[in-house]
Protein chains: 2
Amino acid sequence: MHVKPMKELRLNTAKTIILKIGGSVITDKTEEMKARTGVIDRLASEIKRANVTSLVLVHGGGSFGHPLAERYKIKEGFRDVSQKMGFCLTHHSMTILNGLLMDALMMHEVPAVSITSSSVILTENGRIIKFEDTELHRALEAGYTPVLYGDTVFDRKLGFTILSGDQIIAVLASKLDTERVIIGVDVDGLYDTDPKHDRSAKLFEHLNLTQLRNVRNKLDASKAKDVTGGMAGKIAEIIPVIEKGIPLMMINTMESDSLFLALKGEDVKGTKIEKE
Amino acid sequence: MHVKPMKELRLNTAKTIILKIGGSVITDKTEEMKARTGVIDRLASEIKRANVTSLVLVHGGGSFGHPLAERYKIKEGFRDVSQKMGFCLTHHSMTILNGLLMDALMMHEVPAVSITSSSVILTENGRIIKFEDTELHRALEAGYTPVLYGDTVFDRKLGFTILSGDQIIAVLASKLDTERVIIGVDVDGLYDTDPKHDRSAKLFEHLNLTQLRNVRNKLDASKAKDVTGGMAGKIAEIIPVIEKGIPLMMINTMESDSLFLALKGEDVKGTKIEKE
């Protein structure tokens with residue numbers, strides 16, 4: 001066994017890939033707290049095979065986060081003591097989902113370290129105003145993959161609220177020297193209407209910033225059945241990422257190998273979004 | 001249902017009780033990753049019954065933390081790539097133990113929120129030099145019980161290391177307006193020798209600071225079979241707490257109701273340590 005000097009734990013200076021995996025990919029939203037453990041295992045194996053030098057992973061809540069968050073109206077903030085335990089339960093449920101993903105990453109020997117979003121993030125009216133990022137940077141420098149997730153958080157104005165994984169990736173993209181962002185969802189990418197309810201929905205294969213803004217304006221956010229804002233909310237979060245010139249790829253991580261190929265930077269079906 | 005104003009989430013100004021529960025209480029150290037789920041459930045129910053206004057809970061690692069930490073020499077810091085996954089595995093194992101405790105606290109409706117120690121703490125040569133405590137304070141002010149634990153952490157000099165729950169309580173005692181500290185162990189309190197190996201061991205029922213220092217000097221730290229320092233290490237961490245004038249009670253949380261009584265401030269068998 002070759003003994004390496006200690007400082008190697010700090011040598012990683014590669015640009016970072018930020019990977020978001022949607023809650024609808026790793027959970028079955030038709031049933032409360034139902035994980036897709038087979039999908040989780042496959043994604044962990046694809047991450048291992050891709051062997052990215054600098055990677056941050058963020059995942060959503062799906063059926064572990066949204067039903068509880070809705071039941072206790074966590075997003076709306078603290079208004080009633082009946083919500084108090086709901087905040088704890090929603091957070092706890094998210095740690096269980098995160099644990100399942102971490103289990104799979106450990107099994108596949110991905111050097112991943114879970115960073116609890118609520119432990120390091122404070123919001124004000126739902127927007128991140130403080131992100132205590134010491135461990136994030138330490139972990140990345142040491143060649144570990146930090147794993148964060150959509151979570152309940154304390155909020156300076158609302159008492160508490162829900163923080164989406166999409167807002168986390170937007171902040172990460174601004175904090176880190178980001179190569180690109182990959183968003184894994186359960187459809188082939190970004191469509192002009194909801195492909196789950198409209199068979200004539202058209203997939204965008206490539207969008208620039210102007211086109212992306214137009215798409216957002218056309219999507220009706222009021223139809224979103226997701227406490228973290230649905231597709232319109234997702235686009236609103238990624239616009240600042242694209243504005244910074246960071247390319248983004250939205251892919252279908254229900255398809256085998258799409259994540260592996262995207263991580264390797266190879267061609268894969270999906271929506272590519274770039275500034276120009 | 002009576003609707004309370006939002007700011008009630010911030011009204012808690014009571015002095016805080018810091019409760020440490022040892023890894024040897026909530027796990028069986030004779031087998032790797034074996035939790036004492038019955039004990040965990042009973043402790044959660046006692047915490048619920050005691051209904052403390054302001055409480056922080058810190059737990060140790062026991063058979064979820066120590067065997068992995070020893071196998072990969074995590075405490076010694078990063079020296080070899082073979083340790084890299086060991087850091088992840090040890091942290092992941094601690095999150096599993098924490099999850100079991102959080103499960104029980106949720107079942108008993110204790111408004112507890114897990115704060116991942118490694119997400120908020122950075123050490124240097126094993127000593128805490130940074131503790132990002134925004135969520136800790138928010139949670140306490142809002143009447144939640146933050147739960148932290150002994151964990152793997154990144155270290156500015158060593159790369160990474162192990163942080164004991166005992167060091168965490170010492171830092172918490174200095175950060176918070178602390179009423180008292182309770183340490184739950186699997187023996188009746190602090191003895192002149194190891195009561196598990198010496199039947200003539202004498203329990204100290206009351207110690208002042210001078211006496212505590214004498215006890216530490218007599219205990220042979222080299223005998224400690226615990227990556228976080230054994231009883232001598234524990235005493236070294238609590239001396240600064242006692243110096244601040246914060247009283248401390250060490251009790252046997254394997255005994256039913258001892259934690260409940262200690263939380264209520266009632267008489268219970270154990271070792272009481274005070275400055276004078």
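How many residue pairs are in polar contact across the interface of chain A and chain B? The rule finds 13 such pairs, both residues at pLDDT 80 or more, where a polar contact is a pair of N or O atoms within 3.5 Å, one able to donate a hydrogen and the other to accept it, with residues adjacent in sequence counted only if both atoms are side-chain atoms. This is a predicted model, in which local features need pLDDT of at least 70 and side-chain atom pairs count only at pLDDT 80 or more, while totals for chains, interfaces and linings use all residues. Residues are numbered from 1 along each chain as its sequence is written, chains are lettered from A in the order in which they are written, and side-chain values use heavy atoms, with hydrogens and water left out.

**Symmetry**
- Chain A is superposed on chain B by a rotation of 180 degrees with 0.0 Å of shift along the axis, at an RMSD of 0.0 Å (least squares on C-alpha atoms of residues with pLDDT of at least 70 in both copies).
- That is the relation of a two-fold axis.
- Because 100% of the interface residues of chain A are also interface residues in chain B, the copies meet through the same surface.

**Interface**
- Chain A gives 54 residues to the contact and chain B gives 55, contact meaning heavy atoms within 4.5 Å.
- About 4,500 Å² is buried between the chains, 64% of it on carbon and sulfur atoms (accessible area, 1.4 Å probe, lost on being put together and summed over both parts).
- Elements giving two or more residues to the side of chain A that touches chain B include helix H4 (84–107), helix H6 (134–141) and strand S8 (159–163) of chain A (DSSP runs numbered from the N terminus, helices being H or I of at least four residues and strands E of at least two).
- H4(A) supplies the largest share of that side, 12 residues.

**Hairpin in chain A**
- Strands S4 (residues 121–124) and S5 (residues 127–131) of chain A run antiparallel and are joined by four bridges (pairing requires at least two DSSP bridges).
- Ile121(A) stands opposite Phe131(A) in S5(A).

Conventions: Buried area is the accessible area (1.4 Å probe) that two parts lose on being put together, summed over both.
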